[in-house]
Amino acid sequence: MTFKLGIIIGHTNAQGGAVGIGLPREYDYHKQMAADMLSFAQSEFGGSGLEARIFFRDGIGVSGAYGQVNEWVGTGAARSATVELHYNAASPSASGTETLSSGSAKSVALANLVQAGLCTLLGRPGHSRGVKIRNRTHKDRGWLSLVSGKPPAILTEPAFGSNAQDATLLKTKQLLIGREIVRRCKRYFDEEVGN
(Lines give C-alpha, C1' and ligand atoms only; values in the text may rest on other atoms or scores of the structure.)
Protein backbone atom coordinates (compact mmCIF):
# COMPACT_ATOMS: atom_id res chain seq x y z
CA MET A 1 0.00 0.00 0.00
CA THR A 2 1.28 3.46 -0.90
CA PHE A 3 1.20 6.35 1.56
CA LYS A 4 1.44 9.85 0.13
CA LEU A 5 3.08 12.77 1.93
CA GLY A 6 2.48 16.24 0.50
CA ILE A 7 5.21 18.70 1.48
CA ILE A 8 4.01 22.29 1.11
CA ILE A 9 6.42 25.22 1.09
CA GLY A 10 5.04 28.00 3.28
CA HIS A 11 4.70 31.46 1.73
CA THR A 12 5.64 32.36 -1.86
CA ASN A 13 8.61 33.71 -3.75
CA ALA A 14 6.90 37.13 -3.91
CA GLN A 15 6.04 37.08 -0.20
CA GLY A 16 8.80 35.02 1.33
CA GLY A 17 7.74 35.08 4.98
CA ALA A 18 9.92 35.85 7.96
CA VAL A 19 13.66 36.44 7.74
CA GLY A 20 15.48 35.01 10.75
CA ILE A 21 18.81 36.03 12.22
CA GLY A 22 21.39 34.93 9.66
CA LEU A 23 18.76 32.86 7.87
CA PRO A 24 17.21 33.09 4.42
CA ARG A 25 13.52 33.91 4.10
CA GLU A 26 11.20 31.09 5.19
CA TYR A 27 10.33 30.33 1.57
CA ASP A 28 13.96 29.90 0.50
CA TYR A 29 14.95 28.04 3.67
CA HIS A 30 12.13 25.56 3.21
CA LYS A 31 12.65 25.05 -0.52
CA GLN A 32 16.10 23.68 0.33
CA MET A 33 14.75 21.65 3.24
CA ALA A 34 11.90 20.20 1.17
CA ALA A 35 14.27 19.08 -1.60
CA ASP A 36 16.30 17.13 0.95
CA MET A 37 13.12 15.75 2.55
CA LEU A 38 12.01 14.43 -0.82
CA SER A 39 15.37 12.74 -1.46
CA PHE A 40 15.43 11.33 2.06
CA ALA A 41 11.87 9.97 1.77
CA GLN A 42 12.75 8.26 -1.51
CA SER A 43 16.02 6.76 -0.31
CA GLU A 44 14.89 5.70 3.18
CA PHE A 45 11.23 4.82 2.71
CA GLY A 46 10.50 4.59 -1.00
CA GLY A 47 10.80 0.83 -0.83
CA SER A 48 8.29 0.67 2.01
CA GLY A 49 5.51 2.49 0.21
CA LEU A 50 6.07 6.16 1.08
CA GLU A 51 5.69 8.56 -1.81
CA ALA A 52 6.39 12.27 -1.27
CA ARG A 53 5.85 15.32 -3.45
CA ILE A 54 6.56 19.04 -3.02
CA PHE A 55 3.86 21.66 -3.59
CA PHE A 56 4.14 25.44 -3.85
CA ARG A 57 1.66 28.22 -3.14
CA ASP A 58 3.18 30.50 -5.82
CA GLY A 59 0.52 32.00 -8.10
CA ILE A 60 -2.24 29.75 -6.74
CA GLY A 61 -2.37 30.56 -3.01
CA VAL A 62 -3.14 28.25 -0.11
CA SER A 63 -6.33 26.81 -1.61
CA GLY A 64 -4.65 26.18 -4.96
CA ALA A 65 -1.72 24.30 -3.43
CA TYR A 66 -4.00 22.11 -1.34
CA GLY A 67 -6.22 21.60 -4.39
CA GLN A 68 -3.18 20.17 -6.18
CA VAL A 69 -2.60 17.85 -3.22
CA ASN A 70 -6.24 16.72 -3.41
CA GLU A 71 -5.84 15.90 -7.11
CA TRP A 72 -2.62 14.00 -6.41
CA VAL A 73 -4.04 11.83 -3.62
CA GLY A 74 -7.37 11.28 -5.38
CA THR A 75 -9.52 8.89 -3.38
CA GLY A 76 -6.58 7.96 -1.13
CA ALA A 77 -6.85 10.89 1.31
CA ALA A 78 -7.07 8.45 4.27
CA ARG A 79 -3.62 7.11 3.31
CA SER A 80 -2.15 10.58 2.88
CA ALA A 81 -1.05 13.60 4.89
CA THR A 82 0.30 17.08 4.31
CA VAL A 83 2.91 19.03 6.20
CA GLU A 84 3.40 22.73 5.56
CA LEU A 85 6.85 24.07 6.43
CA HIS A 86 7.42 27.32 8.34
CA TYR A 87 9.60 28.83 11.02
CA ASN A 88 8.35 31.31 13.60
CA ALA A 89 9.32 34.93 14.21
CA ALA A 90 8.34 37.35 16.98
CA SER A 91 10.25 39.22 19.67
CA PRO A 92 13.90 38.24 20.30
CA SER A 93 12.87 36.55 23.55
CA ALA A 94 10.26 34.27 21.95
CA SER A 95 11.51 30.70 21.62
CA GLY A 96 10.26 27.16 21.24
CA THR A 97 8.72 24.56 18.96
CA GLU A 98 5.07 24.28 18.03
CA THR A 99 3.02 22.33 15.54
CA LEU A 100 -0.37 23.44 14.27
CA SER A 101 -3.22 20.96 13.74
CA SER A 102 -6.75 21.22 12.36
CA GLY A 103 -8.03 19.39 15.42
CA SER A 104 -9.21 16.28 13.56
CA ALA A 105 -8.15 13.04 15.25
CA LYS A 106 -5.67 12.14 12.48
CA SER A 107 -4.23 15.65 12.28
CA VAL A 108 -3.72 15.70 16.06
CA ALA A 109 -2.08 12.26 16.00
CA LEU A 110 0.33 13.38 13.26
CA ALA A 111 1.00 16.71 14.99
CA ASN A 112 1.79 15.01 18.30
CA LEU A 113 4.29 12.65 16.64
CA VAL A 114 6.04 15.44 14.73
CA GLN A 115 6.05 17.79 17.73
CA ALA A 116 7.62 15.13 19.98
CA GLY A 117 10.26 14.30 17.38
CA LEU A 118 11.24 17.91 16.81
CA CYS A 119 11.38 18.65 20.54
CA THR A 120 13.71 15.69 21.06
CA LEU A 121 15.90 16.66 18.10
CA LEU A 122 16.16 20.29 19.21
CA GLY A 123 16.64 19.53 22.91
CA ARG A 124 13.36 21.11 23.98
CA PRO A 125 11.85 20.26 27.37
CA GLY A 126 8.57 18.36 27.24
CA HIS A 127 6.61 19.38 24.21
CA SER A 128 7.86 23.00 24.29
CA ARG A 129 5.05 25.26 22.98
CA GLY A 130 2.93 22.22 22.09
CA VAL A 131 0.34 21.36 19.48
CA LYS A 132 -2.08 24.20 18.73
CA ILE A 133 -5.47 23.84 17.07
CA ARG A 134 -6.33 26.08 14.12
CA ASN A 135 -9.52 25.58 12.12
CA ARG A 136 -12.77 27.27 11.09
CA THR A 137 -13.69 27.66 14.76
CA HIS A 138 -10.22 28.69 15.95
CA LYS A 139 -9.25 31.08 13.16
CA ASP A 140 -5.71 32.10 13.90
CA ARG A 141 -2.45 32.07 11.97
CA GLY A 142 -2.27 29.04 9.66
CA TRP A 143 -5.88 27.91 9.95
CA LEU A 144 -6.67 28.06 6.22
CA SER A 145 -3.79 25.72 5.38
CA LEU A 146 -5.10 23.16 7.85
CA VAL A 147 -8.64 22.97 6.46
CA SER A 148 -8.07 23.40 2.70
CA GLY A 149 -7.13 19.84 1.80
CA LYS A 150 -8.66 16.39 2.15
CA PRO A 151 -5.70 14.62 3.83
CA PRO A 152 -4.89 15.26 7.51
CA ALA A 153 -2.72 18.38 7.64
CA ILE A 154 -0.20 19.93 10.00
CA LEU A 155 1.91 23.08 9.92
CA THR A 156 5.37 22.98 11.51
CA GLU A 157 7.10 25.81 13.38
CA PRO A 158 10.30 24.18 14.76
CA ALA A 159 11.88 27.37 16.13
CA PHE A 160 11.88 31.17 16.12
CA GLY A 161 14.19 32.67 13.53
CA SER A 162 14.01 35.96 15.47
CA ASN A 163 15.66 34.37 18.53
CA ALA A 164 19.46 34.03 18.35
CA GLN A 165 19.62 30.55 19.92
CA ASP A 166 16.66 29.25 17.93
CA ALA A 167 18.13 30.70 14.72
CA THR A 168 21.34 28.77 15.39
CA LEU A 169 19.29 25.56 15.71
CA LEU A 170 17.54 26.30 12.43
CA LYS A 171 20.92 26.89 10.72
CA THR A 172 22.78 23.91 12.10
CA LYS A 173 19.96 21.37 12.04
CA GLN A 174 18.07 22.37 8.89
CA LEU A 175 18.29 19.03 7.10
CA LEU A 176 17.92 17.04 10.34
CA ILE A 177 14.65 18.88 11.04
CA GLY A 178 13.26 17.97 7.63
CA ARG A 179 14.35 14.36 7.93
CA GLU A 180 12.81 14.05 11.40
CA ILE A 181 9.52 15.33 10.01
CA VAL A 182 9.65 12.65 7.29
CA ARG A 183 10.49 9.93 9.86
CA ARG A 184 7.60 10.97 12.07
CA CYS A 185 5.19 11.09 9.13
CA LYS A 186 6.24 7.56 8.16
CA ARG A 187 5.68 6.48 11.77
CA TYR A 188 2.22 8.07 11.64
CA PHE A 189 1.40 6.09 8.50
CA ASP A 190 2.66 2.86 10.09
CA GLU A 191 0.97 3.33 13.48
CA GLU A 192 -2.19 5.30 12.74
CA VAL A 193 -3.10 4.24 9.22
CA GLY A 194 -1.53 0.79 8.93
CA ASN A 195 -1.55 -1.57 6.02
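This passage looks at helix α1 and at the aromatic pairs and salt bridges of a predicted model.

Helix α1 spans residues 26-45. Its 20 residues reach 26 Å from the first C-alpha to the last, close to the 28 Å expected at 1.5 Å a residue. Many side chains of interest here are buried, including Tyr29, His30, Met33, Asp36, Met37 and Phe40. The cover over the buried residues of α1 includes strands β1, β2 and β3 together with helices α5 and α6.

Aromatic contacts come next. The model holds six aromatic pairs. In one of them, Tyr29 meets Tyr87 edge-to-face, with 5.5 Å between the centres and 90 degrees between the planes. This pair links distant parts of the chain, as Tyr29 belongs to α1 and Tyr87 to the loop between β3 and β4, 58 residues apart. Both Tyr29 and Tyr87 are buried. Elsewhere, Phe3, Tyr188 and Phe189 make up one aromatic cluster.

Salt bridges number twelve. Asp36 pairs with Arg179, the closest N and O atoms lying 2.8 Å apart. Since Asp36 sits in helix α1 and Arg179 in helix α6, this bridge ties together parts that are 143 residues apart in sequence. Asp36 counts as buried at 15% relative accessibility, while Arg179 is partly exposed at 28%. Asp28 forms a salt bridge with Arg25, at 2.7 Å between the closest N and O atoms. Within helix α6, Glu191 and Arg187 are four residues apart, about one turn of the helix, and their side chains meet in a salt bridge of 2.9 Å, N to O. A network of salt bridges also links Glu98, Arg129, Lys132, Arg141 and Glu157.

Key: Residues are numbered from 1 along each chain as its sequence is written. This is a predicted model: local features need pLDDT of at least 70, side-chain atom pairs count only at pLDDT 80 or more; totals for chains, interfaces and linings use all residues. Side-chain values use heavy atoms; hydrogens and water are left out. Rings of Phe, Tyr and Trp (its six-membered ring) pair if their centres lie within 6.5 Å; planes under 30 degrees apart count as stacked, over 60 as edge-to-face and the rest as tilted. Helices (H or I, at least four residues) and strands (E, at least two) are DSSP runs, numbered from the N terminus. Buried means under 20% relative accessible area, exposed over 50%, partly exposed in between (1.4 Å probe, protein chains only). The expected span of a helix is 1.5 Å times one less than its number of residues. Contact means heavy atoms within 4.5 Å. A salt bridge is a side-chain nitrogen of Lys or Arg within 4 Å of a carboxyl oxygen of Asp or Glu.
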